[in-house]
Amino acid sequence: MKLARTKRTPLAARTITYRLTAELTPPNLAQRWPGLPVDRYPEWLALVDAAFMGLFGIVDPRQVLVHKTELRLDDVFIGAVPFKGFIDLISQVDDDTGRWLEVVDFKTGARVPYVPPGQINDHHDQIRLYRIGLAQKLGGDRLFRGSVYYTRDKLAKAVPVSMRGPDLDATVRRFGSAWRRLNRYAEDAAWPARTSPLCGWCPLTPICAWIVRPVVAGDRSVKSVAGQVEPAIRTFRSSAS
Ligand code: SF4
């Protein structure tokens, strides 16, 4: 989206990917990310390609009027809580009702998550927080809308995000309550965790209470994976040792 409009083609996107691959995988593979063995380049390129090519099925980037890309939001407070973020894309859309700024976040790794009616959609909260922060920067008299672009090829979809007043208010309330919870955890020096398949890569598994804790009958706050997780790194060395 940073290219001139006429140049935003699939070919240009792939050229950028190939150029980055060359830059990031120099001969000294031991020292540079991603440090891929040469014979795995095609696999890596195919994965990256699949992660973003769906964008071209959502919009024609040549038609997008870019206001900003990767806009950094900081020194912003939302409901008295400090907020930081990077907005992937802000585009400008003109229609009969006026000039809109559309806040867009790209999700390359996820299919559209199923969120049951009435449940919290984190991706939508994220867009609304961006919108609120942006309004502080640019002025609340601007017209805003927002979308999440799920750019995975064959699963691509643009999902509009509600910017209704009650939804914005609910997002701010949830943000504030998450902040208070985090502060309480910090004060207590106790951080509840939630097990997931990612525990398999966590170096804390040998000592994590949430892994070793048995499920108490009726306790739905945690799904015990005791005995099911094979830690990727077996030893955890504290800073004191
Ligand atoms: S092992 Fe514990 S600390 Fe590590 S990711 Fe899982 S729940 Fe979190």
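Helices (H or I, at least four residues) and strands (E, at least two) are DSSP runs, numbered from the N terminus.

**Figure 1. Overview of the predicted chain.** The model is predicted. The chain holds 6 helices and 5 strands. Read from the N terminus, its elements follow the order α-α-α-β-β-β-α-β-β-α-α. Of its 241 residues, 14% count as buried. Among contacts with a separation of 6 or more, 61% join residues 24 or more positions apart.

**Figure 2. The open sheet in strand order.** The sheet has 5 strands, ordered S1-S2-S3-S4-S5. Its pairing is mixed. Strand S1 (66-78) and S5 are the edge strands, and each pairs on one side only. From one strand to the next, the twist averages 35 degrees. Strands of a sheet pair through backbone hydrogen bonds, either parallel or antiparallel. The next views go through the pairs in turn.

**Figure 3. Strands S1 and S2.** S1 and S2 run antiparallel and are joined by 9 bridges. Two bridge pairs can be picked out here. Val-66 has Ser-91 in S2 as its bridge partner. Val-76 is bridged to Phe-83, also in S2. The two strands form a hairpin with 2 residues between them. In this hairpin, Gly-79 takes a positive phi near 60 degrees.

**Figure 4. Strands S2 and S3.** Strand S2 covers residues 81-95, and strand S3 covers residues 98-107. They pair in the antiparallel sense over 7 bridges. Val-93 faces Trp-100 in S3 across the pair. S2 and S3 also form a hairpin, with 2 residues between them.

**Figure 5. Strands S3 and S4.** Here the sense of pairing is parallel, with 8 bridges between S3 and S4. Leu-101 stands opposite Phe-144 in S4. Farther along, look for Asp-105, which stands opposite Val-148 in S4. How many of the 8 residues of S4 are buried? The number is 6, so S4 is largely enclosed by the rest of the structure. Buried here means that 20 or more other C-beta atoms lie within 10 Å of a residue's own. In a regular strand the side chains alternate between the two faces of the sheet.

**Figure 6. Strands S4 and S5, with the turn at Lys-154.** The pairing of S4 and S5 is antiparallel, over 5 bridges. Val-148 stands opposite Val-159 in S5. Val-148 also stands opposite Asp-105. A hairpin links the two strands, with 6 residues between them. Lys-154 lies in the loop between strand S4 (143-150) and strand S5 (157-161). Its phi is near 75 degrees, a positive value in a residue other than glycine. Most residues other than glycine have a negative phi. Is Lys-154 buried or exposed? Lys-154 has 9 other C-beta atoms within 10 Å, so it is exposed. The cut-off for exposed is 12 or fewer.

**Figure 7. Ala-189 in the loop after H5.** Ala-189 sits in the loop between helix H5 (165-188) and helix H6 (209-212). Ala-189 has a positive phi near 55 degrees, and this residue is not glycine. Its surroundings contain 6 other C-beta atoms within 10 Å, so Ala-189 is exposed.

**Figure 8. Helix H4 against helix H5.** Helix H4 spans residues 122-138. H4 and H5 pack at an angle of about 100 degrees, and their axes are 10 Å apart. Angles of 65 to 115 degrees count as roughly perpendicular. H4 and H5 are therefore roughly perpendicular to each other. Which residues of H4 meet H5? They are Asp-125, Arg-128, Leu-129 and Ile-132. H5 brings Asp-167, Leu-168, Thr-171, Val-172, Arg-174 and Phe-175 to the contact. Sorted by class, this contact of H4 with H5 has 5 nonpolar, 1 polar and 4 charged residues.

**Figure 9. The shell around the ligand.** Which residues are around the ligand? The list is Ala-193, Thr-195, Leu-198, Cys-199, Cys-202, Leu-204, Thr-205, Cys-208, Trp-210 and Ile-211. By class, the shell divides into 8 nonpolar and 2 polar residues. No charged residue belongs to the shell.

Methods:
Residues are numbered from 1 along each chain as its sequence is written. This is a predicted model: local features need pLDDT of at least 70, side-chain atom pairs count only at pLDDT 80 or more; totals for chains, interfaces and linings use all residues. A residue is near a molecule or strand if its C-beta atom, placed from the backbone, lies within 6 Å of it. Ala, Val, Leu, Ile, Met, Phe, Trp, Tyr, Cys and Pro count as nonpolar, Asp, Glu, Lys and Arg as charged, and the others, Gly among them, as polar. Axes are lines fitted to C-alpha atoms, for helices over the stretch in contact, and angles run from 0 to 180 degrees between N-to-C directions. Angles under 35 degrees count as roughly parallel, over 145 as roughly antiparallel, 65 to 115 as roughly perpendicular and the rest as oblique. Two residues are in contact if their C-beta atoms, placed from the backbone, lie within 7 Å. Two strands pair if DSSP finds at least two bridges between them.
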